[in-house]
Amino acid sequence: MQEFINQLPKLAKDKYNENKKFFTKLKKKPPKKLDQIMQKLHDDEFAVTDCLQCGNCCKTTGPLFTDKDIERIAKHFKMKLSQFESQYLRRDEDNYMVLKETPCAFLGEDNYCSIYEVRPKACREYPHTNHKKFQQISDLTMKNIEICPAAYNIVEKMKAAIPLEHKSNRRV
């Protein structure tokens, strides 16, 4: 698994133009049952992918924390909001609350999340491959395939499952 994780940035870079072209077409004309297709691809992939064997998302990126996330997690730790924020979070360049540093402070050496039951919404939904109206998050997906082996696999299977080539209108 670690070898595949190490190769992901290069694999994603090699597929960048192909994926960009695919997602551009997908945005223009998404299939009617895209949500169902993506849910199946997502479910199939996560039936064989164990995130505890990877944890790359928690090691390399940080989620955005909503106000509700902050309230829920601070309550979990029995901390004041300001104390939780000052200890774990910072505002990024887009004014979002994010982790001060990576890897995530809540990630154990065994890849278990110490706040799993109260984790941020972004963590619960990652890698967002079963997101409704999936075509709307193609930029995020392009980033996630550099980090998440499951996202990479899902996108590869998605390209095979959803033919987007336009038929020519030329008559012979």
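Which residue takes a positive phi just after helix 5? K78 does, with a phi of about 55°. The model behind these views is predicted.

**View 1. The end of helix 5 and its buried face.**
Helix 5 spans residues 67-77. Its buried residues are D69, I70, I73 and A74. Seen down the helix axis, these residues fall within an arc of 120°, so they line one face of helix 5. The face turned away from that buried side carries exposed residues: D67, K68 and K75. Several elements cover the buried residues of helix 5, including strand 1, strand 2 and strand 3. Helix 6 and helix 7 are also among the covering elements. Just past the helix comes K78, with its positive phi.

**View 2. A sheet of three strands.**
The sheet is open, and its three strands run in the order 1-3-2. The pairing is antiparallel. Strands of a sheet pair through backbone hydrogen bonds. Strand 1 (64-65) and strand 2 (89-91) are the edge strands. Each of these two pairs on one side only. Strand 3 covers residues 97-99 and pairs with strand 1 over two bridges. In this antiparallel pair, L64 stands opposite V98 of strand 3.

**View 3. Helix 6 across the strands.**
Helix 6 takes in residues 81-88. This helix lies across strand 1, strand 2 and strand 3. Its direction makes an angle of about 80° with strand 2. Helix 6 also helps to cover the buried residues of helix 5.

**View 4. A tilted ring pair, F23 and F134.**
The structure holds 10 aromatic pairs, and this view shows one of them. The ring centres of F23 and F134 are 6.2 Å apart. Their planes meet at 50°, so the pair is tilted. The two residues come from distant parts of the chain, 111 residues apart. F23 belongs to helix 2 (residues 16-28). F134 sits in the loop between helix 7 (121-125) and helix 8 (138-144). F23 is buried, at 4% relative accessibility. F134 is buried as well, at 1%.

**View 5. A stacked ring pair, F77 and F106.**
F77 and F106 form a stacked aromatic pair. The rings lie 5.7 Å apart, centre to centre, with 25° between their planes. This pair, too, links distant parts of the chain. F77 is in helix 5, while F106 is in the loop between strand 3 and helix 7. They are 29 residues apart. Are these two rings buried or exposed? F77 is partly exposed, with a relative accessible area of 31%. F106 counts as buried, at 4%.

**View 6. The aromatic cluster around the stacked pair.**
F77 and F106 belong to one aromatic cluster. The other members are F65, F84 and Y88. F65 falls within strand 1 (64-65). F84 and Y88 fall within helix 6 (residues 81-88).

**View 7. A charge over a ring, R119 and Y116.**
The charged end of R119 sits over the ring of Y116. The distance to the ring centre is 3.7 Å. Y116 has its place in the loop between strand 3 and helix 7. Its relative accessible area is 46%, so Y116 is partly exposed. F106 lies in that loop as well. The C-alpha atoms of Y116 and F106 are 8.7 Å apart. Along the chain, 10 residues separate the two.

Note on methods:
Residues are numbered from 1 along each chain as its sequence is written. This is a predicted model: local features need pLDDT of at least 70, side-chain atom pairs count only at pLDDT 80 or more; totals for chains, interfaces and linings use all residues. Side-chain values use heavy atoms; hydrogens and water are left out. Two strands pair if DSSP finds at least two bridges between them. Helices (H or I, at least four residues) and strands (E, at least two) are DSSP runs, numbered from the N terminus. Contact means heavy atoms within 4.5 Å. Axes are lines fitted to C-alpha atoms, for helices over the stretch in contact, and angles run from 0 to 180 degrees between N-to-C directions. Rings of Phe, Tyr and Trp (its six-membered ring) pair if their centres lie within 6.5 Å; planes under 30 degrees apart count as stacked, over 60 as edge-to-face and the rest as tilted. Buried means under 20% relative accessible area, exposed over 50%, partly exposed in between (1.4 Å probe, protein chains only). A charge sits over a ring if NZ of Lys or CZ of Arg is within 6 Å of the ring centre and within 35 degrees of the ring normal. The arc is that of the directions from the helix axis to the C-beta atoms.
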